[in-house]
Amino acid sequence: MSTGIASREVDRGTFLKASFVGGAFILGIDFGALPRAAHAAASPTQLNAYIRIGTDESITIVAPNSELGQGTSTALPMIVAEELKADWSKVRMELAGANAAFANPMFHLQLTGGSTAVRGYYQALRTVGASAREMLIAAGAAKFGVNASDCVAEKGAVRVATAGLPSSGQVATYGSLAAAAASLAPPANPPLTDRKNFQIVGTSIPRLDIPAKVNGSAVFGIDVRLPGMVYAAVKQSPKVGQIPGAIGAAPRGMKTVALPNGVAVVATTTTWAAIKAANSLSVTWIDAPSTASADTTAMKAAAAALMTGGSPVRVALNTGDAPGAIAKAAKTVTATYSVPYVPHTSLEPMNATALVTPTSCEIWAPTQAQGPCVLVAAAITGLTPDKITLHTTYLGGGMGRKGETDFVEQAVRIAKTMPGTPVKLTWSREEDMTQDFYRPASLCSLTGSLDSTGALTGISSRTVSPSIGYQKGPARYADPTAVDSSAVEGITTMPYALPSQRTEWILDTAPVRVSYWRSVGNSYNVFFAESFIDELAAAAGKDPIAFRRGMLGANPRALAVLDTLTAKSGWAAAPKAGHARGVAISQCFGSIVGEVVDISGSLTTGIKVNSVTVVIDCGNSINPDTVRAQMESAVLQGLGVALWGDMPFTAGKPMRRNFNTYKMPRMRDAPAIDTTIIESGGPLGGVGEPGLPPIAPALGNAIARLTGTRLRSLPMFPQPVPTS
Amino acid sequence: MSETRTYSLNVNGTTYPVTADSETPLLWVLRDLIGLTGTKYGCGIEQCYACSVMVDGQVEHACVFDATSAIGKKITTIEGLSTVAPKLQQAWIDEQVPQCGYCQSGMLIAAAGLLKEHPQPADSDIDSGLPNICACGTYPRIRKAVKRAAGVATTSTVSR
């Protein structure tokens, strides 16, 4: 039975609605995505249970973001629990399905990306927790016949704190107050806890998702099992842009389903049977006009031609007089850098499960993009979005790839051909590697100018690269001044005060699909920028840290990161014999990260990465150990891609199909990693991505010092390209 | 030419009847026919080792392991690991190892195999004994967790 009352806007854009259902105080929430009129009509369950406080003292908090390893399924509940003054040992977490009410307040879409979980939801979640707390306090005050101001909330209970009252010192647990609290109106603008009094936020609380991840019980998308479920696999175009023509017959007992870019095979027995049948299925493929041009050699030549003669030249940033600075320079340095296309390689391949009926569509998926998935499913089934239910599973990695909706779309298309039967679609690793939306390749030429004192007077750069923005919405780029900021971020956002900077970009319309990859443009543009800064420091005859330090006077947070890094890495002392160090710093997603890498070895015998020192200022950390874990993760992923990562194309075909030809870091490759978090109190910054950009340039800078050779092209150690 | 075959497998001490194409690898018998999904598919060609299980105490890669050759043997998956190596899972929790968690079933099985062979593993034993891929890069914490489970002093690789 529900005793819900009208929803209340408790903070700008955050609506709450209370009810008592199934033995629990349920606080439904909407972060402002639903139309205002919808709130009055919505039942609390339509607004979706956000916090559930059971009479059994259990507290369930929904994590609105996808959990792909970054730890937000613990960090977000921590924020609610802090204001709620919950007993953390009673807190359980649930992963949110698709619901417009859970849209990230930063961009009004339920989507996990851009290191936005904590930044986007922080204020709203505090308000939600504080509202529930005030309702419980009010219920407790009524129970004890005192004023709310006589009560305090602590560790999952309300206590009468004022001395000298008949009920002084009495305590009522949240569970015992749940029913009464649910009948109250959520208060507007509840008081928030001063950070210095935080007891949960800012502490290294063990993650809520880890126990299930060490005993095999965590359910990833690929693990979904439903009664009567069948298994699907896909054979997609082996070359870029192809579509299927004639499709051969499926083995007995199986069926094929034609898809826009390939064919699905559905088996009743196992995923293995479906993959095997898909692999041996006969399909004729029809080339797109651009298929043959997806060839690494040809694409490199085309990019080089664009660099010198391409148009329009789009200006992303133009401060001061950079050309003038070059003309007046005592010394100039020019260098050209490049990076290849890079796959995402999340270890759980793309997969999704769908059950379509004439009136409904239910999806289980490891997705970073709940909102977009619902829209895609609605378009395919012809159902309205309210008839689409999406359950978010754990994600076995995502790295941005699972923010695309293609695999979910395929599952829905297949399930639509067999109404009432749940279909689990699983891509083979080969499909996953060759049907990626890759990190864009990029070619960047930079010129820096130094005055007679060795001070940097300006940086001019021109980048040629494909564009995520262009591929997702080309119309905007008909305007010759339109710039995809992600193509140059990391260059335009250097932390330094430069007297002049001109950043140009030329769009490359190469046919390879590109998309978001951990830290997006920063992941390679910081390699260009911070490697080049070291080249300039060398030309100026200055120490790399001293050179950077001189340009950070107006950026005290970055300066503090660099100074802490200097101390923690022992930069002042000479490295061990045979070792060398490199440094890099970047600011992105609202955080500043600096890294120093210590290496030994040689270009011929191999480079050994011994240790990495990381310093991050993300404003404040919610869960410091999670921040450290993300720095470790970003360093390892960034190292692997800097050393070995690429996807070569030959005559339209992506050539690396599995981990036998795509080299990933393993245990023996992992350096010691030491992370320091600066709790600067600045605005909250992201954590999942900002650790990645500095590692490639720090490594390149160390290699230049160790060997005298500047590596300007990634990967630094290209692996043999398979011939078929 | 493959054929359908009926047999039974002993997994984590329980006997499961199986009717499957005789070529179906152990991984898919476990996941799709028996319903133990803790063992993961990552590559299918014995490269990432996310599918690691134990067969009669030996670490095997289930994606290429003929299920019928496990008939009459004792199979241990992540779901049954706690009876074989109880300290490992707790060490993984204590060191807060998993991130996405997808590789960790295979990692834990491989670690159990490693500790069986090297009860006091040196770093070089861990390097060679745990070749599994973790795309999240949890290696420094795995190293610490293995040593913790083994009761070996750690040279700190992670600032925690």
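**Exercise 1. Which residue of E19(A) is the bridge partner of Cys361(A)?**

Solution. This is a predicted model, in which local features need pLDDT of at least 70 and side-chain atom pairs count only at pLDDT 80 or more, whereas totals for chains, interfaces and linings use all residues. Residues are numbered from 1 along each chain as its sequence is written, and chains are lettered from A and ligands numbered from 1 in the order in which they are written.

Begin with the elements: helices (H or I, at least four residues) and strands (E, at least two) are DSSP runs, numbered from the N terminus. Strand E18 (residues 360-365) of chain A is joined to E19(A) by five bridges, and the two run parallel; two strands pair if DSSP finds at least two bridges between them. Within E19(A), the partner of Cys361(A) is Ile388(A).

**Exercise 2. Determine which side chains of strand E19 (residues 388-392) of chain A are buried.**

Solution. A residue is buried if 20 or more other C-beta atoms lie within 10 Å of its own, exposed if 12 or fewer, and partly exposed in between, with C-beta atoms placed from the backbone. The side chains alternate along the strand: Ile388(A), Leu390(A) and Thr392(A) point to one face and are buried, while Thr389(A) and His391(A) point to the other and are not.

**Exercise 3. Describe the helix H10 (residues 370-381) of chain A and its setting.**

Solution. First, the connection: E18(A), H10(A) and E19(A) form a right-handed β-α-β unit, where right-handed means that, with the strands pointing away from the viewer, the path from the first strand over the helix to the second runs clockwise.

Second, the length: H10(A) has 12 residues and spans 16 Å from its first C-alpha to its last, close to the expected 16 Å, the expected span being 1.5 Å times one less than the number of residues.

Third, the packing: the buried residues of H10(A) include Val374(A), Ala377(A) and Ile380(A), and its buried residues pack against strand E17 (351-357), E18, E19 and helix H11 (406-416) of chain A. After the helix comes Gly382(A), with a positive phi near 75°.

**Exercise 4. Explain why helix H15 (residues 522-540) of chain A is described as largely enclosed.**

Solution. H15(A) has 19 residues and reaches 26 Å from its first C-alpha to its last, close to the 27 Å expected. Of these 19 residues, 17 are buried, so H15(A) is largely enclosed by the rest of the structure. Just after the helix, Gly541(A) takes a positive phi of about 70°.

**Exercise 5. Decide whether Pro289(A) is buried or exposed.**

Solution. Pro289(A) lies in the loop between strand E14 (283-286) and helix H8 (296-309) of chain A. Pro289(A) counts as exposed because it has 8 C-beta neighbours inside 10 Å. Its C-alpha atom is separated by 9.1 Å from that of Gln242(A), 47 residues apart along the chain.

**Exercise 6. Characterise the side of chain A that touches chain B.**

Solution. Two residues are in contact if their C-beta atoms, placed from the backbone, lie within 7 Å. The contact takes 54 residues from chain A and 49 residues from chain B. On the side of chain A, H18(A) gives the largest share, eight residues. By class, that side divides into 24 nonpolar, 17 polar and 13 charged residues, where Ala, Val, Leu, Ile, Met, Phe, Trp, Tyr, Cys and Pro count as nonpolar, Asp, Glu, Lys and Arg as charged, and the others, Gly among them, as polar.
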